[in-house]
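Student: Please take a close look at the sheet in this model and at the nonpolar core, and set out carefully what can be read there.

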Amino acid sequence: MPGEQAQIVKKLETGPDDVEVKYTGFNGQLTLSQVPINAGRAYTVYLGGRNLSAKSLSIKFNSPFLQVTPGSIASHDYGPDISVVSFEVIAEAKAPVGEYSVFVESASGGRSAVVGGLSIRAFPNPYGNLVLDTKSF
């Protein structure tokens with residue numbers, strides 16, 4: 001009835017807390033800062049946190065302009081206090097300048113994110129997937 005009050009009680013349940021991502025990075029170095037990338041390029045990005053495993057992890061973004069190259073997720077040994085994975089991200093040429101979040105999900109449904117972990121910039125990023133010409137050395 002109009003004007004009547006109703007009490008609604010709903011218990012919120014938390015999902016599995018088996019995965020956490022806290023750091024992003026380039027060239028094997030992790031940081032709390034965002035990783036700058038450019039549209040139209042591919043980059044190898046690192047994620048650091050807890051219980052990250054290439055075998056049981058999916059990585060997504062809050063933009064349809066960013067994709068993970070299939071089969072590119074790899075685990076790295078940084079010691080017992082942190083787990084690290086890397087992956088290749090492709091930023092489409094039409095990707096707008098801005099900040100984008102990286103989401104990880106474990107096989108058991110645990111989720112974590114680095115909000116604004118990637119930043120598409122208009123200026124060239126000198127730390128992209130560099131290829132050195134060894135003939136010039």
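Tutor: What follows deals with confidence, then the sheet, the core and two loop residues.

This is a predicted model, in which local features need pLDDT of at least 70 and side-chain atom pairs count only at pLDDT 80 or more, whereas totals for chains, interfaces and linings use all residues. Residues are numbered from 1 along each chain as its sequence is written, and side-chain values use heavy atoms, with hydrogens and water left out.

The protein chain has an average pLDDT (the predictor's confidence in each residue, from 0 to 100) of 87, and 85% of the residues score at least 70. Residues 130-137 fall below 50, and beyond near neighbours in sequence this stretch has one contact (heavy atoms within 4.5 Å) in the model. Where pLDDT is low, the predicted coordinates should not be read in detail.

The open sheet is formed by four strands (DSSP runs of E, at least two residues, numbered from the N terminus) in the order 3-10-9-5, and its pairing, for which DSSP must find at least two bridges between two strands, is mixed. Strand 3 (35-37) and strand 5 (57-61) are the edge strands, each pairing on one side only. From one strand to the next the twist averages 35 degrees, where axes are lines fitted to C-alpha atoms and angles run from 0 to 180 degrees between N-to-C directions. Strand 9 (residues 98-106) and strand 10 (residues 111-120) are antiparallel partners over seven bridges, and Phe-103 stands opposite Ala-113 in strand 10.

The largest nonpolar core, a set of buried (under 20% relative accessible area, 1.4 Å probe, protein chains only) Ala, Val, Leu, Ile, Met, Phe, Trp, Tyr and Cys residues joined through side-chain atoms within 4.5 Å, has 25 residues, and among those touching the most other members are Ile-59, Phe-61 and Phe-87. Strand 8 (83-91) is one of the elements that give two or more residues to this core, and with four residues strand 8 gives the most. Leaving aside neighbours within four places in sequence, Phe-87 is in contact with residues including Leu-47, Ile-59, Phe-61 and Val-102.

Most residues other than glycine have a negative phi. Asn-27, in the loop between strand 1 and strand 2, nevertheless has a positive phi of about 50 degrees; Asn-27 is exposed (over 50%), with a relative accessible area of 53%. In the loop between strand 4 and strand 5, Asn-51 likewise has a positive phi, near 60 degrees, and is partly exposed (between the 20% and 50% limits), with a relative accessible area of 47%.
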